[in-house]
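Visitor: Could you show me a protein model and explain how its words are earned? I would like to see each value set beside its definition.

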Amino acid sequence: MAAEQMADEGDERPPARPLDAVDRDILRILQQDGRASIRSVSDRVHVSRANAYARINRLIEDGVIRGFSARVDHERAGQGSSAYITLKIVQNSWRTVRRQLTELPGTAHIALVSGDFDVLLLVHSADNRALRELVLTKIQAIPEVLSTRTLLVFEETDLDPAKPSDQAARRDG
């Protein structure tokens, strides 16, 4: 697919301003705890509360921070089956397919990719029966989807955004 076909017409935003070390530290803190208070953030990055507040708002306005969310244990939340699904789609149909995939229950991540397939989709469902139903009756029913391949997830680990090696690199660097 051509690059111009991948870009959305609605993505005509100016480029984000460059991030400095304080901005990157704020991002790291908010990735670890999206509920961190402005006071806590300002204390940890050694700036005033007003400065921290302004920086966070700028990061939101620039689209660097796209939102705040909770990290969910899908199994404990009743979604014990997860899968990556690869899709081959009709050329020039990305926007249409993406719109339909976002409406599917359990869709967690959608990516347009290069390689042997066009789309990589992460889904969570109650069990394998629900997953099978999702793939066979919903995804494969999308006219622009040419083929699918389902990769069951047996175990997954969410990585902590602030790994100890990253912190050591910042201290040593």
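Visitor: Why is arginine 55 called buried?
Guide: Arginine 55 has a relative accessibility of 15%. Buried means under 20% relative accessible area, exposed means over 50%, and partly exposed lies in between, with a 1.4 Å probe and protein chains only. The value of 15% is under the 20% limit, so arginine 55 counts as buried. Before we go on: this is a predicted model, where local features need pLDDT of at least 70 and side-chain atom pairs count only at pLDDT 80 or more, while totals for chains, interfaces and linings use all residues. Residues are numbered from 1 along each chain as its sequence is written, and side-chain values use heavy atoms, with hydrogens and water left out.

Visitor: What makes aspartate 20 partly exposed?
Guide: The relative accessible area of aspartate 20 is 32%. That falls between the two limits, so partly exposed is the right label.

Visitor: How do you know that arginine 55 and aspartate 20 form a salt bridge?
Guide: Their closest N and O atoms are 2.9 Å apart. A salt bridge needs a side-chain nitrogen of Lys or Arg within 4 Å of a carboxyl oxygen of Asp or Glu, so this pair passes. Arginine 55 sits in helix α4 (residues 49-61) and aspartate 20 in the loop between α1 (3-6) and α2 (21-32), so the bridge ties together parts that are 35 residues apart in sequence. Helices here are DSSP runs (H or I, at least four residues), strands are runs of E (at least two), and both are numbered from the N terminus.

Visitor: Which other residue does arginine 55 meet in a salt bridge?
Guide: Aspartate 23, at 2.8 Å from N to O. Aspartate 23 lies in helix α2 and arginine 55 in helix α4, so parts 32 residues apart in sequence are tied together. With 1% relative accessibility, aspartate 23 is buried.

Visitor: Why do aspartate 25 and arginine 28 count as a salt bridge?
Guide: The N to O distance is 3.7 Å, which is within the limit, so the pair qualifies. Both residues lie in helix α2, three residues apart, about one turn of the helix. Elsewhere, shared partners join Asp20, Asp23, Arg55 and Arg58 into one network of salt bridges. The structure holds five salt bridges.

Visitor: What is isoleucine 110 in contact with?
Guide: Contact means heavy atoms within 4.5 Å. Leaving aside neighbours within four places in sequence, the partners of isoleucine 110 include Trp94, Leu101 and Val119. Isoleucine 110 belongs to strand β2 (residues 107-112).

Visitor: Why is aspartate 158 called exposed?
Guide: Its relative accessibility is 56%, and that is over the limit for exposed, so the word fits. Aspartate 158 lies in the loop between β4 (145-153) and α7 (164-172).

Visitor: How many helices and strands are there?
Guide: Seven helices and four strands. From the N terminus on, they run α-α-α-α-β-α-β-β-α-β-α.

Visitor: How much of the protein counts as buried?
Guide: Of its 173 residues, 26%. As for contacts between residues at least 6 apart in sequence, 68% join residues at least 24 apart.
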